[in-house]
Amino acid sequence: MNTPVPVLMYHAVADAPAKETYGLSVSPAAFAEQMAVLAERGLTPVTTAELGASWRSGGRSPLPARPVLITFDDGYEGVHRHALPVLAAHGFSSTLFVSTGWLRGAHDEGGALDTMLDWDQVRELASAGTEIGGHTHSHPQMDQIDDARLRFETEHCRDVVAGELGEVPGSFAYPYGYSSRRVRETVRAAGFAQSFAVGNGLARPAQGPYAIERLTVRRRTGIEEFTRIVEGRAIRRTFAGDRVLTKGYAAVRRTRRAAALLRETAGPRG
(Lines give C-alpha, C1' and ligand atoms only; values in the text may rest on other atoms or scores of the structure.)
Protein backbone atom coordinates (compact mmCIF):
# COMPACT_ATOMS: atom_id res chain seq x y z
CA MET A 1 0.00 0.00 0.00
CA ASN A 2 2.77 2.48 0.87
CA THR A 3 4.96 1.67 -2.12
CA PRO A 4 5.79 4.89 -4.04
CA VAL A 5 4.13 5.14 -7.45
CA PRO A 6 5.44 6.97 -10.53
CA VAL A 7 2.82 9.34 -11.96
CA LEU A 8 3.91 10.58 -15.39
CA MET A 9 2.84 14.06 -16.51
CA TYR A 10 2.56 14.66 -20.26
CA HIS A 11 1.26 17.64 -22.20
CA ALA A 12 1.31 17.83 -26.02
CA VAL A 13 2.17 14.79 -28.15
CA ALA A 14 3.20 16.13 -31.56
CA ASP A 15 5.97 16.20 -34.13
CA ALA A 16 5.69 19.96 -34.60
CA PRO A 17 4.04 21.49 -31.53
CA ALA A 18 3.59 25.21 -31.05
CA LYS A 19 6.60 27.11 -29.73
CA GLU A 20 4.82 27.69 -26.42
CA THR A 21 4.29 23.97 -25.82
CA TYR A 22 7.51 22.60 -27.30
CA GLY A 23 9.51 22.10 -24.09
CA LEU A 24 6.77 20.14 -22.37
CA SER A 25 5.83 18.15 -25.45
CA VAL A 26 6.99 14.73 -26.62
CA SER A 27 7.16 13.43 -30.16
CA PRO A 28 4.82 10.57 -31.15
CA ALA A 29 7.87 8.34 -31.69
CA ALA A 30 9.24 9.13 -28.21
CA PHE A 31 5.84 8.49 -26.63
CA ALA A 32 5.58 5.10 -28.35
CA GLU A 33 9.09 4.17 -27.19
CA GLN A 34 8.28 5.20 -23.63
CA MET A 35 5.10 3.12 -23.55
CA ALA A 36 7.09 0.15 -24.85
CA VAL A 37 9.46 0.58 -21.87
CA LEU A 38 6.51 0.37 -19.47
CA ALA A 39 5.28 -2.80 -21.16
CA GLU A 40 8.72 -4.42 -21.30
CA ARG A 41 9.33 -3.80 -17.60
CA GLY A 42 5.98 -5.11 -16.52
CA LEU A 43 4.50 -1.86 -15.21
CA THR A 44 0.70 -1.66 -15.20
CA PRO A 45 -0.95 1.72 -15.82
CA VAL A 46 -3.90 2.65 -13.61
CA THR A 47 -6.05 5.78 -13.50
CA THR A 48 -5.86 8.50 -10.88
CA ALA A 49 -9.29 7.44 -9.61
CA GLU A 50 -8.02 3.88 -9.10
CA LEU A 51 -4.96 5.14 -7.24
CA GLY A 52 -7.07 7.33 -4.96
CA ALA A 53 -9.59 4.58 -4.27
CA SER A 54 -6.85 2.13 -3.36
CA TRP A 55 -5.18 4.52 -0.96
CA ARG A 56 -8.49 5.47 0.67
CA SER A 57 -9.41 1.81 1.13
CA GLY A 58 -6.27 1.09 3.10
CA GLY A 59 -5.27 -1.56 0.59
CA ARG A 60 -8.65 -3.30 0.35
CA SER A 61 -8.66 -2.25 -3.31
CA PRO A 62 -5.13 -3.33 -4.15
CA LEU A 63 -3.09 -1.86 -6.96
CA PRO A 64 -1.14 -4.03 -9.41
CA ALA A 65 2.30 -5.18 -8.33
CA ARG A 66 4.05 -2.44 -10.35
CA PRO A 67 1.61 0.42 -10.90
CA VAL A 68 2.29 3.52 -12.96
CA LEU A 69 0.03 6.41 -13.97
CA ILE A 70 -0.01 8.12 -17.36
CA THR A 71 -1.54 11.60 -17.17
CA PHE A 72 -2.01 14.33 -19.76
CA ASP A 73 -2.66 18.00 -18.93
CA ASP A 74 -4.64 20.67 -20.81
CA GLY A 75 -6.22 18.64 -23.63
CA TYR A 76 -4.01 18.84 -26.72
CA GLU A 77 -5.30 17.24 -29.91
CA GLY A 78 -2.28 14.95 -30.23
CA VAL A 79 -3.44 12.96 -27.20
CA HIS A 80 -6.25 11.64 -29.43
CA ARG A 81 -4.32 11.54 -32.71
CA HIS A 82 -1.02 10.07 -31.50
CA ALA A 83 -1.24 8.81 -27.91
CA LEU A 84 -4.58 6.98 -28.00
CA PRO A 85 -3.55 4.40 -30.65
CA VAL A 86 -0.39 3.58 -28.71
CA LEU A 87 -2.24 3.27 -25.42
CA ALA A 88 -4.90 1.09 -27.06
CA ALA A 89 -2.27 -1.20 -28.60
CA HIS A 90 -0.85 -1.89 -25.13
CA GLY A 91 -4.21 -1.94 -23.36
CA PHE A 92 -3.05 0.93 -21.15
CA SER A 93 -5.36 3.19 -19.18
CA SER A 94 -4.60 6.88 -18.66
CA THR A 95 -6.04 10.11 -17.26
CA LEU A 96 -6.62 13.33 -19.19
CA PHE A 97 -7.02 16.58 -17.22
CA VAL A 98 -8.88 19.10 -19.39
CA SER A 99 -9.03 22.88 -19.25
CA THR A 100 -12.62 23.18 -20.44
CA GLY A 101 -12.35 26.75 -21.77
CA TRP A 102 -9.47 25.74 -24.02
CA LEU A 103 -11.15 22.81 -25.76
CA ARG A 104 -12.72 23.37 -29.18
CA GLY A 105 -16.50 23.67 -29.04
CA ALA A 106 -19.28 25.49 -27.25
CA HIS A 107 -17.23 26.33 -24.14
CA ASP A 108 -14.11 27.58 -25.95
CA GLU A 109 -13.04 30.99 -24.64
CA GLY A 110 -9.71 31.19 -26.46
CA GLY A 111 -6.27 31.36 -24.94
CA ALA A 112 -5.14 27.84 -25.81
CA LEU A 113 -1.46 27.48 -26.66
CA ASP A 114 -1.82 24.86 -29.42
CA THR A 115 -4.42 22.82 -31.29
CA MET A 116 -6.80 21.35 -28.73
CA LEU A 117 -9.18 18.43 -28.58
CA ASP A 118 -12.85 18.88 -29.35
CA TRP A 119 -15.54 17.27 -27.21
CA ASP A 120 -16.21 14.42 -29.65
CA GLN A 121 -12.55 13.44 -29.33
CA VAL A 122 -12.75 13.70 -25.53
CA ARG A 123 -15.76 11.37 -25.61
CA GLU A 124 -13.85 8.92 -27.79
CA LEU A 125 -10.98 8.95 -25.32
CA ALA A 126 -13.39 8.35 -22.45
CA SER A 127 -15.05 5.48 -24.34
CA ALA A 128 -11.60 3.94 -24.86
CA GLY A 129 -10.99 3.89 -21.09
CA THR A 130 -9.32 7.25 -20.50
CA GLU A 131 -10.37 8.87 -17.24
CA ILE A 132 -11.31 12.53 -17.76
CA GLY A 133 -10.43 14.90 -14.93
CA GLY A 134 -10.59 18.63 -14.31
CA HIS A 135 -7.86 21.21 -14.93
CA THR A 136 -9.84 24.45 -14.39
CA HIS A 137 -11.73 26.35 -17.08
CA SER A 138 -9.19 28.89 -18.31
CA HIS A 139 -5.92 27.50 -16.90
CA PRO A 140 -5.04 30.26 -14.38
CA GLN A 141 -2.42 30.19 -11.66
CA MET A 142 -4.91 29.10 -9.01
CA ASP A 143 -3.01 30.37 -5.99
CA GLN A 144 -2.97 33.90 -7.42
CA ILE A 145 -6.69 34.45 -8.09
CA ASP A 146 -9.40 35.62 -5.70
CA ASP A 147 -11.89 33.33 -3.97
CA ALA A 148 -14.79 33.98 -6.33
CA ARG A 149 -12.80 33.20 -9.45
CA LEU A 150 -11.17 30.22 -7.75
CA ARG A 151 -14.59 28.68 -7.09
CA PHE A 152 -15.72 29.43 -10.63
CA GLU A 153 -12.65 27.92 -12.26
CA THR A 154 -13.04 24.73 -10.21
CA GLU A 155 -16.81 24.30 -10.21
CA HIS A 156 -17.45 25.42 -13.81
CA CYS A 157 -14.79 23.02 -15.07
CA ARG A 158 -16.47 20.22 -13.08
CA ASP A 159 -19.91 21.13 -14.43
CA VAL A 160 -18.81 21.38 -18.06
CA VAL A 161 -17.12 17.97 -17.96
CA ALA A 162 -20.19 16.45 -16.27
CA GLY A 163 -22.52 18.02 -18.83
CA GLU A 164 -20.47 16.87 -21.82
CA LEU A 165 -19.69 13.36 -20.61
CA GLY A 166 -22.61 12.55 -18.31
CA GLU A 167 -20.28 11.80 -15.41
CA VAL A 168 -18.90 14.05 -12.71
CA PRO A 169 -15.08 14.06 -12.74
CA GLY A 170 -13.44 12.75 -9.59
CA SER A 171 -9.84 13.88 -10.17
CA PHE A 172 -8.21 17.26 -10.65
CA ALA A 173 -4.79 18.66 -11.53
CA TYR A 174 -3.50 22.15 -10.70
CA PRO A 175 -2.40 24.22 -13.71
CA TYR A 176 1.36 24.77 -13.53
CA GLY A 177 1.30 22.59 -10.39
CA TYR A 178 0.59 25.63 -8.21
CA SER A 179 -1.66 25.24 -5.19
CA SER A 180 -2.07 26.39 -1.60
CA ARG A 181 -4.21 25.34 1.34
CA ARG A 182 -6.95 27.67 0.06
CA VAL A 183 -6.78 26.13 -3.41
CA ARG A 184 -6.79 22.58 -2.12
CA GLU A 185 -9.78 23.23 0.13
CA THR A 186 -11.68 24.71 -2.81
CA VAL A 187 -10.96 21.69 -4.98
CA ARG A 188 -12.07 19.37 -2.20
CA ALA A 189 -15.27 21.39 -1.62
CA ALA A 190 -16.07 21.07 -5.34
CA GLY A 191 -16.27 17.30 -4.86
CA PHE A 192 -12.98 16.15 -6.34
CA ALA A 193 -11.65 13.10 -4.49
CA GLN A 194 -7.99 13.58 -5.37
CA SER A 195 -5.83 16.22 -6.99
CA PHE A 196 -2.38 16.27 -8.53
CA ALA A 197 0.47 18.75 -8.37
CA VAL A 198 3.90 18.38 -10.01
CA GLY A 199 6.60 18.07 -7.36
CA ASN A 200 8.74 15.80 -9.54
CA GLY A 201 8.75 13.02 -6.99
CA LEU A 202 7.11 9.64 -6.67
CA ALA A 203 3.54 9.66 -5.40
CA ARG A 204 3.06 8.51 -1.80
CA PRO A 205 -0.03 8.29 0.45
CA ALA A 206 1.69 10.61 2.96
CA GLN A 207 1.40 13.48 0.46
CA GLY A 208 -2.35 13.46 1.06
CA PRO A 209 -5.09 13.16 -1.57
CA TYR A 210 -4.83 16.80 -2.72
CA ALA A 211 -1.09 17.19 -3.23
CA ILE A 212 -0.07 14.04 -5.10
CA GLU A 213 3.24 14.47 -6.90
CA ARG A 214 3.96 13.73 -10.54
CA LEU A 215 7.04 13.38 -12.74
CA THR A 216 7.47 15.72 -15.71
CA VAL A 217 8.13 14.11 -19.10
CA ARG A 218 9.64 16.67 -21.49
CA ARG A 219 10.91 16.94 -25.05
CA ARG A 220 14.43 16.49 -23.74
CA THR A 221 13.63 13.39 -21.65
CA GLY A 222 15.75 10.64 -23.18
CA ILE A 223 14.81 6.99 -22.98
CA GLU A 224 17.50 6.19 -20.39
CA GLU A 225 16.28 9.00 -18.13
CA PHE A 226 12.68 7.91 -18.67
CA THR A 227 13.54 4.34 -17.70
CA ARG A 228 15.26 5.52 -14.52
CA ILE A 229 12.36 7.63 -13.33
CA VAL A 230 9.66 5.00 -13.94
CA GLU A 231 11.81 2.57 -11.96
CA GLY A 232 12.17 5.15 -9.19
CA ARG A 233 15.92 5.58 -9.61
CA ALA A 234 17.84 8.85 -9.29
CA ILE A 235 14.66 10.93 -8.98
CA ARG A 236 16.23 13.63 -6.81
CA ARG A 237 19.28 13.97 -9.03
CA THR A 238 17.22 14.04 -12.23
CA PHE A 239 14.96 16.83 -11.01
CA ALA A 240 17.41 18.71 -8.76
CA GLY A 241 17.31 21.82 -10.93
CA ASP A 242 13.52 21.86 -10.94
CA ARG A 243 13.43 21.74 -7.14
CA VAL A 244 15.76 24.73 -6.78
CA LEU A 245 13.63 26.79 -9.16
CA THR A 246 10.41 25.68 -7.48
CA LYS A 247 11.57 26.72 -4.00
CA GLY A 248 12.72 30.12 -5.19
CA TYR A 249 9.58 30.81 -7.17
CA ALA A 250 7.36 29.68 -4.28
CA ALA A 251 8.71 32.55 -2.17
CA VAL A 252 8.03 35.01 -5.00
CA ARG A 253 4.48 33.71 -5.39
CA ARG A 254 3.72 34.03 -1.69
CA THR A 255 4.87 37.64 -1.80
CA ARG A 256 2.71 38.37 -4.85
CA ARG A 257 -0.36 36.81 -3.25
CA ALA A 258 0.18 38.72 -0.01
CA ALA A 259 0.39 41.98 -1.98
CA ALA A 260 -2.80 41.12 -3.86
CA LEU A 261 -4.63 40.45 -0.60
CA LEU A 262 -3.54 43.82 0.75
CA ARG A 263 -4.92 45.53 -2.35
CA GLU A 264 -8.20 43.61 -2.07
CA THR A 265 -8.71 44.48 1.61
CA ALA A 266 -7.71 48.11 1.12
CA GLY A 267 -10.41 48.59 -1.49
CA PRO A 268 -10.74 51.66 -3.72
CA ARG A 269 -9.29 54.94 -2.56
CA GLY A 270 -11.60 57.94 -2.70
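This dialogue discusses a helix crossing, aromatic ring pairs and one histidine in a predicted model.

Trainee: At what angle do the axes of helix α5 and helix α6 cross?

Mentor: An angle that is neither under 35 degrees, over 145, nor from 65 to 115 counts as oblique. Here the axes of α5 (residues 147–165) and α6 (residues 181–189) come within 10 Å and cross at roughly 45°; the two helices are therefore oblique to each other. The crossing in which α5 passes α6 is right-handed.

Trainee: Which residues make the contact?

Mentor: From α5 the contact involves Asp147, Leu150, Arg151 and Thr154, and from α6 Arg182, Val183, Thr186 and Val187. These residues of the contact divide into three nonpolar, two polar and three charged.

Trainee: How many aromatic pairs are there, and how are the planes of phenylalanine 172 and tyrosine 174 arranged?

Mentor: Rings pair if their centres lie within 6.5 Å, and planes over 60 degrees apart count as edge-to-face. By this rule there are seven aromatic pairs. The ring centres of phenylalanine 172 and tyrosine 174 are 6.0 Å apart and their planes lie at 65°, so this pair is edge-to-face. Both phenylalanine 172 and tyrosine 174 are buried. Elsewhere, ring pairs link Tyr10, Phe31 and Phe72 into a cluster.

Trainee: Where is histidine 82 found, and which residues does histidine 82 touch?

Mentor: Histidine 82 is found in helix α3 (residues 78–90) and is partly exposed, with a relative accessible area of 25%. Leaving aside residues up to four places away in sequence, histidine 82 touches Val13, Ala14 and Pro28. Valine 13 and histidine 82 are 69 residues apart in sequence, yet 6.6 Å apart in space, C-alpha to C-alpha.

Definitions and conventions: Residues are numbered from 1 along each chain as its sequence is written. This is a predicted model: local features need pLDDT of at least 70, side-chain atom pairs count only at pLDDT 80 or more; totals for chains, interfaces and linings use all residues. Side-chain values use heavy atoms; hydrogens and water are left out. Axes are lines fitted to C-alpha atoms, for helices over the stretch in contact, and angles run from 0 to 180 degrees between N-to-C directions. Helices (H or I, at least four residues) and strands (E, at least two) are DSSP runs, numbered from the N terminus. A crossing is left-handed if the near helix is turned anticlockwise from the far one by less than a right angle, and right-handed if clockwise. Contact means heavy atoms within 4.5 Å. Ala, Val, Leu, Ile, Met, Phe, Trp, Tyr, Cys and Pro count as nonpolar, Asp, Glu, Lys and Arg as charged, and the others, Gly among them, as polar. Rings of Phe, Tyr and Trp (its six-membered ring) pair if their centres lie within 6.5 Å; planes under 30 degrees apart count as stacked, over 60 as edge-to-face and the rest as tilted. Buried means under 20% relative accessible area, exposed over 50%, partly exposed in between (1.4 Å probe, protein chains only).
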